[in-house]
Amino acid sequence: MHALSLEMAGQVQGGGFWSFLKFASGTNNGVRADGNALGAGCGTVKSDAFIPDILFGIDISQACFEHDQSYATCGFEKGTADTNFYSNIMSECGEQGGGMLTCNAISGIYYVTVAFLGESAYKNAQESSCRWGD
Amino acid sequence: MKQLIKNISLTALLFCLLTQVIPPAMAASFFVDKGHTDVVEGVAFEIVSPHLFIKKAFKLRGENLTPSQLLLIREAMPAIAGMTQQILLRPLHSYVQAPQNSALLEVPQPRNIYQLQDIESPVQIFIQTIKNWQVTESSIQFSSDYFYRPERGHTVNFRDTYLFTKANGSWRFMKHPNSMPDGVLQCAQTSAGWMRCDLAGQQ
């Protein structure tokens with residue numbers, strides 16, 4: 001556990017090029033715009049400000065909520081959670097009018113990231129979940 | 001799955017770049033959530049296990065809560081998170097059967113959303129946010145927004161409202177303030193790109 005500094009969770013969002021791409025992490029001055037705690041949606045408390053909940057104008061936060069909760073369900077397979085994550089982003093992207101290229105790019109980027117960098121997050125969530133009955 | 005394999009090749013380049021930029025130690029530190037202390041209006045909330053992901057869904061900002069009300073929510077947070085976890089879990093056969101213990105029958109139980117919405121296995125419900133707080137010294141009322149993805153059709157967003165009361169120094173679920181859940185929410189995308197869901201007419 002650690003204390004949170006504002007610098008750490010500063011908003012990575014802005015005008016110009018990023019604005020054109022509609023990139024938003026959902027945080028502002030160290031707090032989430034939706035009022036939830038940092039780490040809800042896409043990213044963890046440390047990475048929330050750097051991992052977009054909106055990419056290319058597509059809000060993928062629900063897919064992130066589901067992915068987090070799947071990791072934190074005792075016995076849930078990582079591969080299933082990651083594959084569901086991919087399909088959910090594809091589905092949300094399609095429902096929000098995303099084109100084939102955009103949807104493939106977003107789901108591909110996020111899938112590869114969780115598949116290859118999510119192992120320790122998965123282990124930690126499973127350990128906690130199975131210990132506490134989360 | 002075919003599409004997935006195709007996309008892996010498309011994103012491999014980006015991934016290589018990513019792994020070069022983010023060393024494993026930093027990645028672990030960045031992507032592992034071990035909890036944190038969230039300070040709202042001077043009140044410190046321990047967003048930690050158990051039920052870490054549920055505690056992160058507590059909407060405590062933009063709700064016009066005073067520090068004393070926040071202190072009461074902090075006190076009730078473990079009980080609210082525990083009840084939410086009970087709701088999220090798909091009921092097993094033992095849950096569907098009538099409880100044998102008469103003492104258990106007297107304990108108020110929250111509504112079963114799986115039964116209410118006729119959600120078939122293996123579909124799961126997920127929590128998105130816990131909000132609309134109404135807090136007094138002895139009671140806390142709030143709404144929980146859930147979502148699930150039926151095998152066919154679009155994602156369903158659903159809201160129910162709960163009332164907790166404090167008795168003998170501990171908080172527990174007392175009842176639903178309304179005889180029926182708030183029900184299915186309607187979602188729309190804001191100009192900033194966010195999907196926001198609310199009851200019809202309240203968006």
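These legends accompany several close-up views of a predicted model. Local features need pLDDT of at least 70 and side-chain atom pairs count only at pLDDT 80 or more, while totals for chains, interfaces and linings use all residues. Residues are numbered from 1 along each chain as its sequence is written, and chains are lettered from A with ligands numbered from 1 in the order in which they are written.

**View 1. The fold of chain A.** Let's start with the layout: chain A has five helices and four strands, being DSSP runs numbered from the N terminus (helices H or I, at least four residues; strands E, at least two). Along the sequence they follow the pattern α-β-β-β-β-α-α-α-α. Of the 134 residues in chain A, 53% are buried (20 or more other C-beta atoms within 10 Å of the residue's own, with C-beta atoms placed from the backbone).

**View 2. Two domains in chain A.** The domain assignment, automatic or from a database, gives domain 1 (1-55) and domain 2 (60-134). Five residues from each domain take part in the contact (C-beta atoms, placed from the backbone, within 7 Å).

**View 3. Helix 5 of chain A.** Here is a helix with two faces to enjoy: residues 119-132 form helix 5, with 14 residues. From first C-alpha to last it reaches 20 Å, close to the 20 Å expected at 1.5 Å a residue (1.5 Å times one less than the number of residues). Its buried residues are A:A121, A:Y122, A:N124, A:A125, A:S128 and A:S129. They lie on the same side of helix 5 because they cover an arc of only 165° around the axis, taken from the directions from the helix axis to the C-beta atoms. On the other side, A:E127 and A:R131 are exposed (12 or fewer such neighbours).
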